[in-house]
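Welcome! Keep the sequence and the 3D view at hand, and try each exercise before you read its solution.

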Amino acid sequence: MTIQTNTLERESRQNKRFVSKQTQTAAKYLRRLCELSGAPEGMQPFVETLQRVYVDMLGIVAPYSRKRVGTYCVMAPQELIYAAGAVPVKLCSGNYTAFNIGDDIAPRDACPLVKAVAGFKQTGLMPVYEECSMMVVPVTCDCKKKVAGMLAQQCDVMTMHIPANRQDEDIDEFVRQLYTFAEKLETVTGNPITYETLADGFAKVGYAQRELSEFIRLKKQMPYLVRGTHAMAIMNAAAYMPADSWAAALHRVNVSLRLRAAAGQTVTSKKLPGILLTGSPIVFPNLKIPLLIEEMGGIVAADETCMGERGMYDPPVITDDSFDGMIRALANRSLRPCPCPTFADNKQRLYRLRQLIKDNHIQGVIYHVLRGCLVYDFEYKRIEEELGKLGIPVIRLESDYNEEDVEQLRIRIEAFIELIKLRQAPQKRTSLRTGF
Ligand code: SF4
Ligand code: SF4
């Protein structure tokens, strides 16, 4: 047997081990998701999408004639990608097995999200990565910058500079980058981006945003109609579904939730502490924190994370309906309202958190920090102070892409939920005395 045959056999064994471990983890998290009570009717297409990508390891469902463009941040406008006749695929990853491979490539203190991305690209085994004709990486932190360089060794990558501020001159510069992105998309797809195709891109994403805003409206209702962990899985599936298919599936969920509300049904008969989950992105299959919150007797009543509600929350506002006006609307939407901590001044995030707390009857905030994610960790102190002024308890939970920290997370989440229940107790006693 030659050295070359030995090497090929070893690689083949390693690949089989990788596929087996990564599918097992994804299947386990999907099972836990499905075992959680109260899943809305119509949830199946989202579960099937996550199963298809992570367990069956297949590509996205879209015509092969349409090129796939990988994105690594919500600030890369999907509308432009659709305008070029392509389909966007969000490639931020929450995969533990790919993380282990990336751990050997990236420095120890890099965040697990980029280690998982690097790991997937290294194996060349994930169709959603391999199918992409190009990738766009908005450079929002050092980890993203370095992973862009790694990806560029194997794929056509465009980086986008994200400014630290959002003054008019920053928006002008971002508009120029969007024009460069449009040209790049035209070259890769061979399709011109015209006024009509861009308007069509706005319509596709707009349909998804309308359904999402109705879903969020229903999600806010008290008593709660849907668990946040199910909602986060629905939003995660948006990464791998064309916007119109995702919106059509979400429409069916919205219909079922309206029926649930009309029939007086709720997701749980108990009054569970409503938790707001914020911080570093929570990407499938890394659903351990939302699952633990719900399994420990809380309810994820809202989230302020990028693979969750934030992903498509802000629609672009067109004040000038020329082609340039539409590009400018995308630039404004990407930067101005974005609560990402990559910006130097991030009052938007405080405003958004206050709004979510009020609208969703939040009793406690869990602030999630992926190990090595400095931008989110930096903002914790400020947010803790602000929440203190509102009398809302908050805990910071640091986690990594493995299951070694699960028990510690479980204990801390359980204690936090108990603390909220204790705080509720005097209110309950007052209500009993007053009869309200
Ligand atoms: S957390 Fe910031 S950098 Fe990451 S996807 Fe969201 S907006 Fe982009
Ligand atoms: S923002 Fe945080 S989680 Fe996202 S790539 Fe940067 S360090 Fe990683």
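**Exercise 1: the helix α15**

α15 is built from 17 residues and covers 25 Å between its first and last C-alpha, close to the 24 Å expected at 1.5 Å a residue. The expected span of a helix is 1.5 Å times one less than its number of residues. Helices (H or I, at least four residues) and strands (E, at least two) are DSSP runs, numbered from the N terminus.

Before going on, note that this is a predicted model, in which local features need pLDDT of at least 70, side-chain atom pairs count only at pLDDT 80 or more, and totals for chains, interfaces and linings use all residues. Residues are numbered from 1 along each chain as its sequence is written, while chains are lettered from A and ligands numbered from 1 in the order in which they are written.

Task: find where α15 is kinked, and list its buried residues.

Solution.
- Step 1. The kink in α15 is centred on tyrosine 380 and comes to about 35°. The bend at a residue is the angle between axes fitted to the seven residues ending there and the seven starting there.
- Step 2. Tyr376, Glu379, Ile383 and Leu387 are the buried residues of α15. A residue is buried if 20 or more other C-beta atoms lie within 10 Å of its own, exposed if 12 or fewer, and partly exposed in between, with C-beta atoms placed from the backbone.
- Step 3. These buried residues pack against β5 (274–279), α14 (347–359), β7 (364–370) and β8 (394–399). Two residues are in contact if their C-beta atoms, placed from the backbone, lie within 7 Å.
- Step 4. Just after α15 comes glycine 391, with a positive phi of about 75°.

**Exercise 2: the two ligand shells**

Task: work out which residues surround ligand 2 most closely, then turn to the residues around ligand 1.

Solution.
- Step 1. Ligand 2 is surrounded by 13 residues, and the closest are Cys111, Leu113, Cys141, Cys143 and Cys373. A residue is near a molecule if its C-beta atom, placed from the backbone, lies within 6 Å of it.
- Step 2. Two or more residues of this shell come from each of α5 (112–123), α7 (142–152) and α15 (374–390).
- Step 3. By type, the shell around ligand 2 has 10 nonpolar, 2 polar and 1 charged. Here Ala, Val, Leu, Ile, Met, Phe, Trp, Tyr, Cys and Pro count as nonpolar, Asp, Glu, Lys and Arg as charged, and the others, Gly among them, as polar.
- Step 4. Around ligand 1 sit Cys73, Val74, Met75, Thr140, Pro281, Cys306, Cys338, Cys340 and Thr342. That shell divides into 7 nonpolar, 2 polar and no charged.

**Exercise 3: special backbone spots**

Task: locate the loops that hold proline 223, proline 285 and histidine 361.

Solution.
- Step 1. Proline 223 lies in the loop between α9 (195–219) and α10 (228–237). The peptide bond to proline 223 from methionine 222 is cis, with omega near -10°.
- Step 2. Proline 285 belongs to the loop between β5 and α12 (288–295). Phenylalanine 284 is joined to proline 285 by a cis peptide bond, with omega about 5°.
- Step 3. Histidine 361 is in the loop between α14 and β7, and its phi is positive, near 55°. Histidine 361 counts as partly exposed because it has 16 C-beta neighbours inside 10 Å.
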